[in-house]
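Here are a few exercises to help you find your way around a new structure. Grab a viewer, try each task, then check the worked solution.

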Amino acid sequence: MNELNVVVDSAKVAFEKALTPADLENAKALFLGKSGRITELMKGLAALPVDEKKSRGAAINLAKQAIETALNNRRQALADAELQIQLQAEALDVTLPGRQRGQGGLHPVSITLERIEAIFGSMGFEVAQGPEIETDWFNFTALNTPEDHPARSMHDTFYVEGGSAAAPNLLRTHTSPMQIRHAVQHVKRHRADAEQAGEGLFSGSMPEIRVIAPGRTYRVDSDATHSPMFHQCEGLWVGENISFKDLKFVFTDFCRTFFESDDLVLRFRPSFFPFTEPSAEIDIQFQSGPLSGRWLEVAGSGQVHPNVIRNMGLDPEKYIGFAFGMGPDRLTMLRYGVNDLRLFFDGDIRFLSQFQ
Ligand code: DAH
C-alpha cells in the first residue's frame with residue numbers, strides 16, 4: 001500500500017474513533033491542520049523536481065479530498081446521532097393518559113336546592129334568602145312560640161354572642177323565621193303605595209305573598225338521619241283566599257315533579273306546629289321502585305296561624321294562607337337512595353363525585 005493510502009486510512013480510523021464533534025476537530029487537525037500530515041506532505045513538494053511535483057501534488061490532493069470526504073461523513077454521522085439522542089429525550093408517549101384538570105361540580109344537596117327552586121319558580125314562587133344567625137323573636141316568638149312553650153325544647157340550638165338576655169341571638173333552628181322576615185318586607189313595600197299607609201295591621205290590597213326560602217339550619221342533633229347543620233326549605237303562600245286545597249295541589253305537584261313520578265301519593269297527617277292551625281305532616285308513598293309502598297315523611301305544613309299573620313303586619317280577618325317546611329337533605333337521600341345523611345357533609349370526594 002502506498003504511503004498516501006496509509007495516511008488516508010489512518011485519518012479514517014481516527015475520525016471513526018472520535019465520538020464527539022470536539023474529538024473530531026482534534027483528529028482533523030492531525031491531518032489537515034497547520035502541521036498536519038497532509039500539510040507536511042505538501043511542504044515536501046518544494047524539494048521535488050518539477051515533473052515529479054505535478055504528479056505527486058495531484059496524488060496528495062486526491063488523498064486530501066478523500067480525508068475531507070471522510071471528515072464530512074463523520075461530522076454528519078455525529079450530528080445525526082446527536083439529533084437522535086435529542087429526539088428520543090423529547091419523545092412524547094402518546095399512549096400515556098392525559099393530565100386532566102379536576103373538574104368541580106355541585107354538591108348533591110345543592111343540586112336538590114336548585115331543583116326545588118326551579119320547580120317552585122315555575123309555579124310563581126319567589127326565592128328569598130335570610131340570615132343563619134337569628135334573633136329569638138324571628139325564630140320563635142313571632143312564630144307563635146313564646147318563651148316557655150314546650151315546642152321550643154324540640155329546637156335545642158346553639159346560642160351565639162350578641163342580642164340581650166331577654167332576646168338572645170341563636171343559629172336558626174328552621175327556615176320558618178323567613179316567613180315573618182319576607183312577609184314584613186313584602187307588606188312594607190306594598191302598604192307604602194296603599195291608602196292605609198301607617199300603623200296597625202294591613203287590610204288593604206296587595207299582591208299575594210308566594211315565596212320559598214331555602215337555606216342552612218342548625219340543631220343539637222347528630223345521627224344517621226340528623227346532622228347539627230342541615231338544610232330546610234320554607235314555603236309560604238298568603239293571599240285573600242288561599243286554602244288547604246291549594247297547599248295540597250302545590251305540594252303534590254312539587255313532589256311528583258321532583259321525583260319524576262306521576263303516580264306518587266301524598267298523605268296529610270294531622271300534627272301540631274305552633275305557627276300553623278290546622279297543621280299536617282306530609283308523607284309520600286312511591287308506587288314503584290325500592291321504596292315502593294312505604295310512607296316517608298317529607299315536610300311539615302299547615303294553614304298559617306292568625307297570630308303569625310298578625311306578626312307579619314297583616315290583618316288575619318283578611319289574609320290567610322299556608323306554609324310548609326321540608327328537608328332538602330332528606331329529599332336528596334330519597335332521590336338517590338343514600339341511607340346516611342352524614343355522608344353528604346364528610347366532604348369525601350369519592351362519594352360526592354358520583355352525583356355529577
Ligand atoms: N319549621 C318546622 C320544623 O322545622 C317545619 C314546618 C312545619 C314549617 C310546618 C312550616 C310549617 O312552615 O307550616 O320542624
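The exercises below go through a predicted model, from its domains down to single residues.

**Exercise 1: the overall layout**

Find out how the chain is divided and what distance separates the centres of the parts.

*Solution.* Start with the division: domain 1 covers 2-89 and domain 2 covers 108-355. Next, take the centres over C-alpha atoms; 96 Å separate domain 1 from domain 2. For a residue-level check, pick G36 and D346, which are 310 residues apart in sequence. From C-alpha to C-alpha, G36 and D346 are 81 Å apart in space.

**Exercise 2: the sheet**

Work out the order of the strands in the seven-stranded sheet, and say which strands stand at the edges.

*Solution.* Walk across the sheet and you'll read β1-β5-β6-β10-β9-β8-β7. This sheet is open, and its pairing is mixed. Now look at the ends: β1 (126-127) and β7 each have a single partner strand, so one side of each is left without a neighbour in the sheet.

**Exercise 3: zooming in on β10**

Describe how strand β10 is joined to β6 and β9, and decide whether β10 is mostly covered or uncovered.

*Solution.* Take the β6 side to begin with. Strand β6 (residues 229-239) runs antiparallel to β10, and seven bridges join the two. One pair to look for is E234 with its bridge partner G325 in β10.

Then turn to β9 (residues 295-304). Here five bridges make the link to β10, again with an antiparallel run. G325 of β10 turns up here too, as the bridge partner of G300, while A323 in β10 stands opposite G302.

Last, check the cover. Residues count as buried when they have under 20% relative accessible area, and five of the seven residues of β10 (residues 320-326) are buried. That makes the strand mostly covered.

**Exercise 4: helices across the sheet**

Which strands does α7 lie across, and which does α8 lie across?

*Solution.* Begin with α7 (residues 177-191): this helix lies across β1, β5 (209-218), β6, β9 and β10. Its angle to β5 is about 140 degrees. Move on to α8, which lies across β6, β7, β8, β9 and β10. With β10, α8 makes an angle of about 30 degrees.

**Exercise 5: backbone oddities**

Track down a cis peptide bond, then say whether N144 and E260, each with a positive phi, are buried or exposed.

*Solution.* The cis bond joins E277 and P278, with omega at about -5 degrees. You'll find P278 in strand β8 (residues 276-285).

Now for N144, where phi is near 60 degrees even though the residue is not glycine. N144 sits in the loop between α6 (136-139) and β3 (159-163). At 19% relative accessibility, N144 counts as buried.

E260 is not a glycine either, and its phi is about 50 degrees. Its home is the loop between α8 (244-258) and β7 (265-273). With a relative accessible area of 61%, E260 is exposed.

**Exercise 6: the surroundings of G36**

Where is G36, and which residues does G36 touch, leaving aside those up to four places away in sequence?

*Solution.* Locate the loop between α2 (21-32) and α3 (37-45); G36 is in it. Check its accessibility: the relative accessible area is 1%, so G36 is buried. Finally, list its contacts, which are A29, L30 and F31.

How values were computed: Residues numbered from 1 in each chain as written. Predicted model: local features only at pLDDT ≥ 70, side-chain atom pairs only at ≥ 80, totals over all residues. Heavy atoms only, no water. Buried < 20%, exposed > 50% of the residue type's maximum accessible area, 1.4 Å probe, protein only. Pairing = 2+ DSSP bridges. Domains from an automatic or database assignment. Contact = heavy atoms within 4.5 Å. Axes fitted to C-alpha atoms, helices over the stretch in contact; angles between N-to-C directions.
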